[in-house]
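Subject: Structure for you to look at, with notes

Dear colleague,

Here is the structure I promised to hand over, and below it you will find my notes on what was found. Please read them with the model open beside you.

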Amino acid sequence: MKGLVLKDLMCLRKQLMIFGYVVVGVLVLSVMFVLSARFGNIAMANQAMVATEGLSASDITNLSTNVLILFMLLPLATVGDFANVFTEDGKAGFFNVSSVLPISVKKRVLAKYVTIFAMFGIGAFIDIIIAFVLSMLTDIISFADFLGIIISAASVMAIYSALVIVFCFLFGYGKEDYARIISPFLMLVTVISLNLSNIRKSITAMDSGDIELINRCMNFIKHKYYVLLLIAVFVMVVSYFVSVRIAERKRGIV
């Protein structure tokens, strides 16, 4: 099974190279941003907005926090497209020989999920290092909040990748784009369905100038990351067994 994991990682080598460049870029830009927010042009612009636009200090802090969050999500986003593994397997004709490997279907499918953990583990670890560096340079956001955001983002991306694997197995080679489209759509529909009443109330409040929905979402991401983590673990376990079932019924696809 180790060989299969290495094979999957090699299929993602282009993404890993992009990941390396993104990490360097994010680190440099983030450090420049937090230093400028304390001592440079961004700090001067913030003071001007407080004086002329009527924004409060908390509004400026929230805006800066959102910018840093976007920076922190980039490394994880670059390793999140797991459908490329199935695309590369199809191009190489791996499906034609996989069925004769002396490895059970369960282990072959498990290798895909181990690769997910490896990719997101690398992404989350690098993000945590960047977060630690940034937390030493700024008081805009604490390291604990950074950590919550990273875990939340990794959990959401893991859920997405788990769904992509299921749909890639279900649809077969050449239809990876369908898996990429259906997976986030299914996640969005599920979130909206479970929080429809709260979303309606928040939208109504936003019409009167309130940004309660945004603040509530950010607080959830920062402080209740464990909920997303547990959901991600549950989805990945369920999707694994579903993927095994599909792979056993459609022989030779993994």
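I begin with S155, which at 3% relative accessibility counts as buried (buried means under 20% relative accessible area, exposed over 50% and partly exposed in between, with a 1.4 Å probe and protein chains only). S155 sits in helix α8, and, leaving out residues up to four places away in sequence, it touches L228, L229 and A232, where a contact means heavy atoms within 4.5 Å.

Before going further, please keep in mind that this is a predicted model, in which local features need pLDDT of at least 70 and side-chain atom pairs count only at pLDDT 80 or more, while totals for chains, interfaces and linings use all residues. Residues are numbered from 1 along each chain as its sequence is written, and side-chain values use heavy atoms, with hydrogens and water left out.

On the overall fold, the protein has 12 helices and zero strands; both kinds of element are DSSP runs numbered from the N terminus, with helices being H or I of at least four residues and strands E of at least two. Of its 254 residues, 42% count as buried. Among the contacts with a separation of 6 or more, 80% are between residues 24 or more positions apart. The protein exposes about 14,000 Å², of which carbon and sulfur atoms supply 70%, the areas coming from the Shrake-Rupley method with a 1.4 Å probe and, for residues, with only the protein chains shown counting as cover.

Turning to the interior, the largest nonpolar core has 63 residues, and L68 and Y113 are those with the most contacts inside it; such a core is a set of buried Ala, Val, Leu, Ile, Met, Phe, Trp, Tyr and Cys residues joined through side-chain atoms within 4.5 Å. The elements that give two or more residues to this core are α1 (2-11), α2 (13-39), α4 (57-78), α5 (83-92), α7, α8 (143-171), α9 (176-194) and α12 (225-249). The largest share, 17 residues, comes from α8. Leaving aside neighbours within four places in sequence, Y113 is in contact with A162, I165, V166, M236, S239, Y240 and S243.

The structure also holds six aromatic pairs; rings of Phe, Tyr and Trp (its six-membered ring) pair if their centres lie within 6.5 Å, and planes under 30 degrees apart count as stacked, over 60 as edge-to-face and the rest as tilted. One of these pairs is formed by F132 and F143, which are edge-to-face at 6.0 Å centre to centre, with 90° between the planes. Because F132 lies in helix α7 and F143 in helix α8, this pair ties together parts that are 11 residues apart in sequence. The rings of Y240 and F241 have centres 5.3 Å apart and planes at 65°, so this pair is edge-to-face as well. Y240 counts as buried at 16% relative accessibility, whereas F241 counts as exposed at 54%. Together with Y113, these two residues form one aromatic cluster.

On the surface, a nonpolar patch of about 640 Å² is made by L27, F125, I129, F132, V133, M136 and F143. Patches are made of residues with over 30% relative accessible area and no salt bridge, like charges being joined within 9 Å and nonpolar side chains (Val, Leu, Ile, Met, Phe, Trp, Tyr) within 5 Å. Helix α7 (residues 105-137) gives the most to this patch, with five residues. I129, which has its place in helix α7, is partly exposed with a relative accessible area of 40%, and F132 is partly exposed at 45%.

The structure holds one salt bridge, a term that here means a side-chain nitrogen of Lys or Arg within 4 Å of a carboxyl oxygen of Asp or Glu. The side chains of D177 and R180 meet in it, at 2.6 Å from N to O. Being three residues apart in helix α9, D177 and R180 are separated by about one helical turn.

Finally, two residues of helix α2 may be worth locating. G20 is found in that helix and is partly exposed, with a relative accessible area of 29%; the C-alpha atoms of G20 and I126, 106 residues apart along the chain, are separated by 9.8 Å. Y21, also found in helix α2, counts as exposed at 63% relative accessibility, and its C-alpha atom is separated by 9.2 Å from that of P75, 54 residues apart along the chain.

With best wishes
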